[in-house]
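Colleague: I am new to this one. Can we go through what each label rests on?

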Amino acid sequence: MERTFVMIKPDGVQRGLVGEILSRFENKGFKLVAGKFGVLAESIVDKHYEEHLAKPFYPGMKAYITSGPVFRFVLEGENVVATVRKMNGATNPTEANPGTIRGDYALSIGKNVIHAADSPESAAREIGIHFTPAELVSYTKID
Ligand code: CMP
């Protein structure tokens, strides 16, 4: 079954949106198989955002993403990667449709509440950065 990596960013945590966001994914039917709450180590941030290291916005983004705790989790389910991206809405909240998480809760591209892997390959890479295999729990979900 497909899995994806999701992270509620410091602005989402500080605004008390963790429960609301998690509920959306649980209500959709996705299964929570791992979760971790805390402030990201700089080395993890550099690995996670490897493709953005040279971008002009990177230093500001790194300062922001390490400014407070984030909630990282892994979801499992059919087409979970693409569906979670759709539920999150466009990266730039000004382009995100109402009804999506960023459309409903975010204003700026920097503080855009949530991150999710953009492909199954990215999901596998990001899950491997943030979780050990033993931290991914195996259980049967009663539908
Ligand atoms: P995310 O899905 O976490 O992946 C990369 C992040 O870079 C993205 O969400 C945005 O929050 C951030 N980002 C992309 N473009 C910019 C920008 N121009 N200024 C600030 N942050 C950006």
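**Helix H7 and its two faces**

Modeller: Let us start with a helix. This is a predicted model. In helix H7, residues 120-130, the buried residues are Ala123, Glu126, Ile127 and His130.

Colleague: What puts these buried residues on the same side of H7?

Modeller: The arc. They cover only 105° around the axis, so they sit on the same side of H7. A general point helps here. An α-helix has 3.6 residues a turn, so residues three or four places apart point the same way.

Colleague: Which exposed residues are on the face turned away from the buried side of H7?

Modeller: Glu121 and Gly128.

Colleague: What do the buried residues of H7 pack against?

Modeller: Three strands and two helices are listed: S1 (3-8), S2 (31-38), S3 (70-76), H3 (42-48) and H5 (80-88).

**Helix H5**

Colleague: Which residues of H5 are buried?

Modeller: Val80, Val81, Val84 and Asn88. Their arc around the axis is only 100°, so they too lie on the same side of H5. They pack against S1, helix H2 (18-28), S3, H6, S4 and H7. Just after H5 comes Gly89, with a positive phi of about 85°.

**The whole chain**

Colleague: How many helices and strands does the chain have?

Modeller: Seven helices and four strands. Along the sequence they follow the pattern β-α-α-β-α-α-β-α-α-β-α.

Colleague: Why is the chain called as compact as a globular protein of its length?

Modeller: Set the value against the rule. The radius of gyration is 14 Å, and the globule rule gives 15 Å for 143 residues. The two are close, so the chain is as compact as a globular protein of that length. The C-alpha trace spans about 45 × 35 × 25 Å along its principal axes.

Colleague: What share of the 143 residues is buried?

Modeller: 31%.

Colleague: And what share of the contacts with a separation of 6 or more joins residues 24 or more positions apart?

Modeller: 72%.

**The ligand and His115**

Colleague: Which residues surround the ligand?

Modeller: His52, Phe57, Met61, Thr91, Ile109, Gly110, Asn112 and His115. By class, this shell has three nonpolar, five polar and no charged residues.

Colleague: Where does UniProt place the feature "active site"?

Modeller: At His115, according to an unreviewed entry. In the model, His115 lies in strand S4, residues 114-116.

Colleague: Why does His115 count as buried?

Modeller: The cut-off is 20 or more other C-beta atoms within 10 Å. His115 has 20 C-beta neighbours inside 10 Å, so it counts as buried. Beyond its neighbours within four places in sequence, His115 is in contact with Val6, Met7 and Lys9.

**Sites named as binding**

Colleague: Which residues does UniProt give as "binding site"?

Modeller: The unreviewed entry gives Lys9, Phe57, Arg85, Thr91, Arg102 and Asn112.

Colleague: Take Thr91. What makes it partly exposed?

Modeller: Partly exposed lies between the cut-offs: exposed is 12 or fewer, buried is 20 or more. Thr91 has 15 C-beta neighbours inside 10 Å, so it counts as partly exposed. Its place is in the loop between H5 and H6. Leaving aside neighbours within four places in sequence, Thr91 is in contact with Ile109 and Asn112.

Colleague: How do you know that Asn112 is buried?

Modeller: Asn112 has 22 C-beta neighbours inside 10 Å, so it counts as buried. It lies in the loop between H6 and S4. Not counting residues up to four places away in sequence, Asn112 touches Thr91, Pro93, Arg102 and Ala106.

Colleague: And why is Arg102 called buried?

Modeller: The count is 23 C-beta neighbours inside 10 Å, so Arg102 is buried. Arg102 is found in helix H6, residues 101-105. Apart from neighbours within four places in sequence, its contacts include Asn88, Gly89, Pro93 and Asn112.

Colleague: How far apart are Arg102 and Phe5?

Modeller: 97 residues in sequence, and 17 Å in space, C-alpha to C-alpha.

**The recorded domain**

Colleague: Which domain does UniProt place at residues 1-138?

Modeller: "Nucleoside diphosphate kinase-like", from an unreviewed entry. The span is 41% helix and 17% strand, and its end C-alpha atoms lie 12 Å apart.

Technical notes: Residues are numbered from 1 along each chain as its sequence is written. This is a predicted model: local features need pLDDT of at least 70, side-chain atom pairs count only at pLDDT 80 or more; totals for chains, interfaces and linings use all residues. The radius of gyration is taken over C-alpha atoms; the globule rule is 2.2 Å times the number of residues to the power 0.38. Two residues are in contact if their C-beta atoms, placed from the backbone, lie within 7 Å. The arc is that of the directions from the helix axis to the C-beta atoms. A residue is near a molecule or strand if its C-beta atom, placed from the backbone, lies within 6 Å of it. Ala, Val, Leu, Ile, Met, Phe, Trp, Tyr, Cys and Pro count as nonpolar, Asp, Glu, Lys and Arg as charged, and the others, Gly among them, as polar. UniProt positions are given in the numbering used here, feature names are shortened, and annotations may be inferred rather than shown by experiment.
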